[in-house]
Amino acid sequence: MNISPLRIASHGPTRLILTVLFGLALLAPLPYVVVRPSTPENVMEKLISISGAQTFPVQKGSELFITAVLVSDPQSYVSGFEVLKSWLSGSNAVFPRAEIYPPTQSNQEISDENKAEMTNSQNDATAAALNFLGYQLTKFVTLSGTKSSSDSHGQLMAKDRILEIDGQKISTSTQIHSIITRHKMGDALPVLVQRTSQSGSTQNLTFVIKLTPNEAGDPALGIYVQNSYEFPFTVKFNIDKTGGPSGGLVFALGIIEKLTSEDLLKGRKIAGTGTIDDAGNVGPIGGITEKMIGASQAGATIFLAPTNNCGDIKHVPKNLLVIPVSTLSQAVTVLRNTNPEAFAGCR
């Protein structure tokens, strides 16, 4: 008879301690980031502006959404409670911080890289659209910045036009990676650039750049580059809250819609995502699930997705038709067709 009261009484402090420990665990900062659907933006409003060429009005009710995700800042406080809530929400995703933000990169380097990727995406999207419409373009590579820890910093400058690396002429950013892979860490490569002064005069300059580790530990020049083109008119993108290359497909479609009298949108709400190169090839992106959710919440009825993301699509929001495409030409064909359902689904 004397044992039971003691056992029952001991439950109170035990429960209190467990409750406190559980609460502390939920409030403790964890090495994760939370990815949420972002509100899609209609590129047919003010996000794309074209000057120097004839443009055509968009049919009333037509909207073309660029989709994105919101990712918690690498320095933000992510609690166990927020991680648990995100797992249970069905619309948010949780990833280890190192998968999204390489630990060897500073916040500034991550921001610079995202901006460079966005600029590349916009340039390539413009080139893809104009190539699709039959324009002939001259292509070259320019510098958008350097990493502060690299040998390039203090020598190469933003807006330098890269002419040669290690004696090889450069016309695309992919050539640079190919050249570097043939060398080892510490090798010094001559880099020939064309630099334009404030007065408008140009000069060719050669710098010898030592290869240093990138965030993956591989040899790199420590530069951010962008594909550049000599366009026959000006295309501007009025978007500054989104980084990365995933808006390329939608940007290209928006330019085509503005530059031609053909009505591709037909009063519909279309959303999409995917990288694009100047030849119109559409590449895979991250956050496909969250982007589809955001598109559905914005009222989109058709979602254009990269074919190579088909394996990542597990659940499609209600009333959203997901159509995989691998090229800009395929995307245009889908929008031209009066029966888009025929293209739906990953096969």
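This report describes the fold, the nonpolar cores, one sheet and selected side-chain pairs of a predicted protein model.

## Basis of the model

The model is predicted: local features are described where pLDDT is at least 70, side-chain atom pairs count only at pLDDT 80 or more, and totals for chains, interfaces and linings use all residues. Residues are numbered from 1 along each chain as its sequence is written, and side-chain values use heavy atoms, with hydrogens and water left out.

The predictor's confidence in each residue is given by pLDDT, on a scale from 0 to 100. The protein chain has a mean pLDDT of 85, and 79% of its residues reach 70 or more. Two stretches have low values. Over residues 1-10, pLDDT stays under 50, and the model has zero contacts (heavy atoms within 4.5 Å) beyond four places in sequence there. Over residues 20-27, pLDDT also stays under 50, with seven contacts beyond four places in sequence. Where pLDDT is low, the predicted coordinates should not be read in detail.

## Overall composition

The protein chain contains nine helices and 20 strands. Helices (H or I, at least four residues) and strands (E, at least two) are DSSP runs, numbered from the N terminus. Of the 347 residues in the chain, 43% are buried. Here, buried means under 20% relative accessible area, exposed means over 50%, and partly exposed lies in between, with a 1.4 Å probe and protein chains only.

Contacts can also be sorted by separation in sequence. Among those between residues at least 6 apart, 72% join residues at least 24 apart.

## The nonpolar cores

In soluble globular proteins, nonpolar side chains tend to be buried together. A nonpolar core is a set of buried Ala, Val, Leu, Ile, Met, Phe, Trp, Tyr and Cys residues joined through side-chain atoms within 4.5 Å. The largest such core in this model has 39 residues, of which Val43, Phe251, Leu253, Leu304 and Leu328 touch the most other members. Helix α7 (residues 248-259) supplies the largest share of this core, eight residues. A second, separate core has 18 residues, including Ile179, Phe207, Leu221 and Ile223.

Phenylalanine 251 illustrates how a core residue meets other parts of the chain. Apart from neighbours within four places in sequence, its contacts are Val43, Ile48, Ile66, Met118, Ser121, Gln122, Ala125, Phe237 and Ile239.

## A five-stranded sheet

Strands of a sheet pair through backbone hydrogen bonds, either parallel or antiparallel. Two strands are taken as paired if DSSP finds at least two bridges between them. One open sheet has five strands in the order β2-β4-β16-β19-β20, with mixed pairing. Strands β2 (41-42) and β20 each have a single partner strand and stand at the edges, so one side of each is left without a neighbour in the sheet.

At one edge, β2 and strand β4 (residues 63-66) run antiparallel and are joined by two bridges; asparagine 42 has phenylalanine 65 in β4 as its bridge partner. At the other edge, strand β19 (residues 302-306) and β20 run parallel and are joined by five bridges. Phenylalanine 303 has valine 322 in β20 as its bridge partner. Strand β20 (residues 321-325) is mostly covered, with four of its five residues buried.

## Salt bridges

A salt bridge is a side-chain nitrogen of Lys or Arg within 4 Å of a carboxyl oxygen of Asp or Glu. By this rule, the model has seven salt bridges. One of them joins aspartate 278 and lysine 139, at 3.0 Å from N to O. Aspartate 278 lies in the loop between β17 (275-276) and β18 (282-283) and lysine 139 in strand β7 (residues 138-146), so the pair ties together parts that are 139 residues apart in sequence. Lysine 139 is partly exposed, at 22% relative accessibility.

Another salt bridge joins arginine 336 and glutamate 262, whose closest N and O atoms are 2.8 Å apart. Arginine 336 is in helix α9 (residues 328-336) and glutamate 262 in the loop between α7 and β16 (269-272), so this pair links distant parts of the chain, 74 residues apart. Both residues are partly exposed: arginine 336 at 41% relative accessibility and glutamate 262 at 33%.

## Asparagine 337

Asparagine 337 lies in the segment after α9 and is partly exposed, with a relative accessible area of 28%. Beyond four places in sequence, asparagine 337 touches Arg268 and Phe343.
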